[in-house]
Structure formats: C-alpha cells, structure tokens
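Here is a short note for your review. Please read the points below beside the model.

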Amino acid sequence: MGFEGLANLAEETRDPARTVPLGILGAVAASIALYVGVSAAVVLAHGTGRNPLPGLFPGVGERAFAVVGVIAVANGVLAQLLLLARLLYGMAGRGRMPRALARVDPGTGAPWAATSAAALAVLGFALLVPFERLLALANLIVLAIFALVALSAIGVRRRLDRKSTRLNSSHGYI
C-alpha cells in the first residue's frame, strides 16, 4: 500500500511528530521530482516503441537501468514485508492474531516471529501462485481492504454521531 503503513513504523522512530511529516513531505517531493524528470526525459528524447525509457540508455546504460529497476522492485518488496510484519505484530499484540506473532528479539526488539511469518507467506504465494493470478489477487485484496476500511469508517462515524446526539440533545441535536 502506501503512506498508511507509516502509522505502524512511526512508533519506531525518534520524535515521530516531527520526523514523520517531514518524511512524508520529502517522499512526495522526491516522487514528484522523479516523475517529472523521467517524463521530461522520455518526451524530450522522443522515446518511441514499446519501452521508450530503457532506450534512453543504449548499451551498458540499458543494463544498468535494468539493474536499478530490479533493485527498486526488491526494495519495494522489502518495504511491504516490513509493513506486513509490523501489522501482524500489532494485531498479535492486541490478541487479533496468534500471540506467537508478538514475539520479539530480546536484543534488538525486532518482531522476528511476525517478520518470519510475513516472509514465508509472501514466498509461498510467489512460488505457488502464477504471476498473473497473483497480480489479480493482489488488486482484489487491495480493493477489498479499501472497501472494508470505508465501511468501517462509516460505522465509526455513525456510532460517534449517536453518542454526540445523546450528549448534545440539550442543544437541539436529536
């Protein structure tokens, strides 16, 4: 997913009230700069064909571009593994997942059990599910999560509205 995963990682930073907003703004600024720069390069170079971007770096540069792409994808996978592990750890700590997932390393405090479970689950999906089906499943899961979050937000809002109606009935909110 994206920035919503920061809530799980914010508790592991120093002075999160200051560093998390700065990190978000920095990430958005870097993303905009990269997007504009890459788009401008492709347009100004009159990139054509199926994959115009690698064509900007002929020869060894094209291979280097591919290596950077692989590293970027691997980094994205690692970031998502980290977020999934923290999600499992947090849910286990609240009793919504098996307690074993809340185990942490005594030396580092890292949630090793949740991290191992997340890595094994991702590895299992990657090895057992065909890539096209995995993409479709991932999209379906993301849409389902967003729908469930939206429905939950509506439910929370209704509960809060009922409470405020009772609390504010003297002000005419009935």
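1. Start with Asp15, in the loop between α1 (6–10) and α2 (16–44). The model is a predicted one. Asp15 is not a glycine, yet its phi is positive, about 50°. Most residues other than glycine have a negative phi. Is Asp15 buried, partly exposed or exposed? Asp15 counts as partly exposed because its relative accessibility is 43%, and the partly exposed class lies between 20% and 50%.

2. Next, α2 itself. This helix has 29 residues. From first C-alpha to last, α2 reaches 41 Å. The expected value at 1.5 Å a residue is 42 Å, so the two are close. Just after α2 comes His46, with a positive phi of about 55°.

3. α3 covers residues 60–93. α3 has 34 residues and reaches 49 Å between its first and last C-alpha. That is close to the 50 Å expected at 1.5 Å a residue. Gly95 follows α3 and has a positive phi, near 80°.

4. Which residues of α3 are buried? The buried positions include Leu81, Leu83, Ala85 and Arg86. Leu88, Gly90 and Ala92 are also buried in α3. Note that a charged residue type, Arg, is on this list.

5. Now the packing of α3 with α4. Two packed helices are described by the angle between their axes and the distance between the axes. For α3 and α4 (residues 112–128), the angle is about 125° and the axes are 8 Å apart. α3 is therefore oblique to α4, because an angle of about 125° falls outside the parallel, perpendicular and antiparallel ranges. The crossing of α3 past α4 is right-handed.

6. Which residues make this contact? On the α3 side they are Leu81, Leu84, Ala85, Arg86, Leu88 and Tyr89. On the α4 side they are Ala114, Thr115, Ala117, Ala118, Ala119 and Val122. By class, the contact of α3 with α4 has 10 nonpolar residues, 1 polar and 1 charged. Leu81, Ala85, Arg86 and Leu88 are contact residues that are also buried.

7. Last, Val77, which sits in helix α3. Val77 counts as partly exposed because its relative accessibility is 40%. How far apart are the C-alpha atoms of Val77 and Val122? They are separated by 9.3 Å, with the two residues 45 apart along the chain. Val122 is one of the α4 residues in the contact with α3.

Methods:
Residues numbered from 1 in each chain as written. Predicted model: local features only at pLDDT ≥ 70, side-chain atom pairs only at ≥ 80, totals over all residues. Heavy atoms only, no water. Helix = DSSP H or I, 4+ residues; strand = E, 2+ residues; numbered from the N terminus. Buried < 20%, exposed > 50% of the residue type's maximum accessible area, 1.4 Å probe, protein only. Axes fitted to C-alpha atoms, helices over the stretch in contact; angles between N-to-C directions. Parallel < 35°, antiparallel > 145°, perpendicular 65-115°, else oblique. Left-handed = near helix turned anticlockwise from the far one by under 90°. Contact = heavy atoms within 4.5 Å.
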